[in-house]
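Got your viewer open? Let's walk through this one together, one selection at a time.

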Amino acid sequence: MSKRAGGRWLAAALAVSAVLASGCTAPVDPDELPGVYRNEATGAEIVLGSDGTFSATDVSMDGVSDPVDFSGEWDLHDDQASSDFVYLLVEDGGLGRTGGVQLYTSGPEKVYFNTDPDGPPTLELTKAAVR
């Protein structure tokens, strides 16, 4: 195989891999999202209510700042071009001047904060079993 043909094959394979990797996470059904999500290591908890409200307890979105409590309303944004996320519209004063934050989904059982788009998640929470 010539270098030129090998280069085209490699470029095509990389392009296909990028397309497949970008669509790895299946879309999330908003009816499956309500529930309690916890991070056992940090004690952080987010409750997504079926009525569109949420509460967050002991959450440090960046993994460095002190944990805070906040609440408000949530809405799922299913973005066909990138990752689905839950937009948390924070009530006045809950996070200072921050009006809302994105809570990303990784299926119906896991959610996470990612303050650096090029870095790993800063806080992951897993859906608690219904008792």
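Start by selecting strand β8, residues 123-127, and show its side chains. Leu 123, Leu 125 and Lys 127 point to one face and are buried. Glu 124 and Thr 126 point to the other face, and these two are not buried. In a regular strand, side chains alternate between the two faces of the sheet. Bear in mind as you look around that this is a predicted model.

Keep β8 on screen and add strand β7, residues 110-113. β7 and β8 pair in the antiparallel sense, with four bridges between them. To see one of the contacts, pick Val 111: its bridge partner in β8 is Leu 125.

Next, bring in β1, residues 35-39. β1 also runs antiparallel to β8, and two bridges join them. Which residue stands opposite Lys 127 of β8? Select Tyr 37 and you have found it.

Time to zoom out. The protein chain has one helix and eight strands, and along the sequence they follow the pattern α-β-β-β-β-β-β-β-β. Of its 131 residues, 27% count as buried.

Now select β2 (residues 44-48) and β3 (residues 53-59). They pair in the antiparallel sense over four bridges, and together they form a hairpin with four residues between the strands. Click on Gly 52 in the turn: its phi is positive, at about 90°. Back in the strands, Glu 45 has Thr 57 of β3 as its bridge partner.

Stay with Glu 45 and show its side chain together with that of Arg 38. What joins Arg 38 and Glu 45? They form a salt bridge, in which the closest N and O atoms are 2.7 Å apart. Side chains of opposite charge can pair when their charged atoms come close. The structure holds one salt bridge, so you can stop hunting once you have this pair on screen. Are its two ends buried or partly exposed? Arg 38 counts as partly exposed because its relative accessibility is 29%, and Glu 45 is partly exposed too, with a relative accessible area of 22%.

Slide along β3 to Asp 58, which sits in that strand. Asp 58 has a positive phi of about 55° although it is not a glycine. With 37% relative accessibility, Asp 58 counts as partly exposed.

From β3, move across to β4, residues 68-77. β3 and β4 pair in the antiparallel sense over five bridges. One contact to look for is Ser 55, whose bridge partner in β4 is Ser 71.

Follow the chain past β4 into the loop that leads to β5 (85-90), and select Ser 83 there. Ser 83 counts as partly exposed, at 36% relative accessibility. Now pick Ser 106 as well: the C-alpha atoms of Ser 83 and Ser 106 are separated by 8.5 Å, although the two residues are 23 apart along the chain.

For the last stop, switch on the surface and color it by charge. Where do Asp 29, Asp 31, Glu 32 and Glu 109 gather? They come together in a patch of negative charge on the surface. Asp 29 belongs to the loop between α1 (3-22) and β1, and at 33% relative accessibility it counts as partly exposed.

How values were computed. Residues are numbered from 1 along each chain as its sequence is written. This is a predicted model: local features need pLDDT of at least 70, side-chain atom pairs count only at pLDDT 80 or more; totals for chains, interfaces and linings use all residues. Side-chain values use heavy atoms; hydrogens and water are left out. Patches are made of residues with over 30% relative accessible area and no salt bridge: like charges are joined within 9 Å, nonpolar side chains (Val, Leu, Ile, Met, Phe, Trp, Tyr) within 5 Å. Accessible areas come from the Shrake-Rupley method with a 1.4 Å probe; for residues, only the protein chains shown count as cover. A salt bridge is a side-chain nitrogen of Lys or Arg within 4 Å of a carboxyl oxygen of Asp or Glu. Lys and Arg count as positive and Asp and Glu as negative; His and the chain ends are not counted. The place of a charge is taken as NZ of Lys, CZ of Arg, CG of Asp or CD of Glu. Buried means under 20% relative accessible area, exposed over 50%, partly exposed in between (1.4 Å probe, protein chains only). Two strands pair if DSSP finds at least two bridges between them.
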